Amino acid sequence: MAVKTSADAPASTPEQVQSVRETLKSPRRLKTEVLGGLVVALALIPEAIAFSIIAGVDPRLGLFASFTMAVTIAVVGGRPAMISAATGAVALVIAPLVKSHGVDYLVAAVILAGAFQVILGLSGVTKLMRFIPRSVMVGFVNALAILVFMAQVPELLGVPWLVYPLLALALVIVFGLPRLTTAVPAPLVAIVVLTLITVLAAITVPTVGDKGELPDSLPSLFVPDVPFTLETLQVIFPFALAMAFVGLLESLMTAKLVDDITDTRSHKSREAWGQGVANLVTGFTGGMGGCAMIGQTMINVKASGARTRISTFLAGVFLLILVVVLGGVVSVIPMAALVAVMIFVSWATFDWHSIHPRTLKMMPKSETLVMVATVVVTVATHNLAIGVGVGVLVAMVMFARRVAHFVTVERTVTGVEGHETATYTVNGELFFASSNDLYTQFEYALDPQFVVIDMHASHLWDASTIAALDAITEKYRHHGKDVKIIGLNDASTSMRERLGGKLGAGQ
């Protein structure tokens, strides 16, 4: 009788791999989640401090925001293993408000932004993600990789020369160790090794402690000291709305990226309102707010191999323990180790296939243009929302331009001389871009007395097309000729009956 071995057991599906219950039953997978959360927590500390400086607030606000965002989203979010914390995108949005009105107005804006995100999530705004083309998504990923790398450059300028060999050693570890073993995350090994070297050898190099003072107490309930008036709402409303949209955009696109990496689906609507809940919690604990972080998410998912909410939750818990209880130990971690980790994240995040000569040769030029536009604008503005917005706009223009050329008009003349009929067969989708050229496709002066425009193979999409048809029929009447439009489908007929002759055609 054959004995069933573990090798014969069916492999876990991607959905089972991201199950918290199944992971708690597997010591090996649980270890991956724990170590992943620890590495992310270590990487979050300097990032949160740096983003706090960008926003113009005390580093504690960024660190507390990273803790509350990670822990809360682990419970209420829709994307397992994705990391949310204080981010540079949010910091850039709220910095002017902090400068002009102070921290209390910032916290009020964070709370309002959270409320906006809950409303947007529950109202189904995530369905708009379907309108973001793949080329924009690739541009978003590549731009993020470039921004992550650029953020490390200042850490390598004007530093002691010993930083460079330490960085080289850390890069060898994070890139080379996975080729030998994946039992322990390579980023964690790099951090531990460089910390031991610098401490034991008494090497003086920039450390995490140089970035700012770490908190020594837990976050507590915080109610912003602002007047509850219409004037206050007018001040914080634009910042809160911008923060809500930027946060949702970055979070949903990061979730989509993780979906692709892990071959799983996530609940985008739940992620949207979950981000709102996390920002509400963050606001009422005095944090600066945040959203999903693609860099730390890639550390968790790609570098560490984590797949569940456990790693996200532990990233927040470890972060708090590290800065409050073990702040003295964390402060001596050399920045070179964390820079190496983020360089690895940048390299792993970038879609190298998208710029391969073979890919560029095969890909339509319009798709490449959209990707490049998204990258250039995002990197130039350091604003993901603007970059993605421009990318979508360019994609729309390219699509409209391409579709506009798909409309064809064929002319045939039948009948005997004196009783001839000119028939025009219109083929294609008619909307503002394609219907503008439709008017020029007819021989108004040369056509016989009777003209038929056959629309069986076309569809009318907007008022521009109705106006174009009105102009065509009016032009024929001006030449004293009879024109008849046939073949309109029900939707097109209904639109023409409703708008025909009322748009000023021929005026």
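In the next few minutes I will go through two pockets and one strand hairpin in this structure, which is a predicted model.

Let me begin with the largest pocket, which holds about 660 Å³ of space. Of the 30 residues that line this pocket, those closest to its centre are Glu47, Phe51, Gly88, Leu147 and Ala151. If we ask which helices each supply at least two residues of that lining, the list runs through H3 (27–55), H5 (88–101), H7 (134–152), H12 (294–303) and H15 (335–349). In terms of chemical class, the lining of the largest pocket divides into 20 nonpolar, six polar and four charged residues.

Turning now to the second largest pocket, we have about 370 Å³ of space, with a lining of 15 residues, among which Leu128, Met129, Ile132, Phe245 and Leu249 lie nearest the centre. Two or more lining residues come from helix H10 (230–262) and likewise from helix H18 (384–404), and it is H10 that gives the most, with six residues. By class, the lining of this second largest pocket has 14 nonpolar residues and one polar residue, with no charged residues.

Finally, I would like to leave the pockets and look at the hairpin, where strand S3, covering residues 408–414, pairs with strand S4, covering residues 421–430, in the antiparallel sense over seven bridges. Within that pairing, Glu410 has Thr425 of S4 as its bridge partner. Six residues lie between S3 and S4, and in this turn Gly415 has a positive phi of about 100 degrees.

Note on methods: Residues numbered from 1 in each chain as written. Predicted model: local features only at pLDDT ≥ 70, side-chain atom pairs only at ≥ 80, totals over all residues. Heavy atoms only, no water. Pairing = 2+ DSSP bridges. Helix = DSSP H or I, 4+ residues; strand = E, 2+ residues; numbered from the N terminus. 1 Å grid on protein atoms, 1.4 Å probe; cavity = no way out; pocket = protein on both sides within 12 Å on 5 of 7 lines; lining within 4 Å. Points joined across faces, edges and corners; volume = space filled by probe spheres on them. Nonpolar A, V, L, I, M, F, W, Y, C, P; charged D, E, K, R; others polar.
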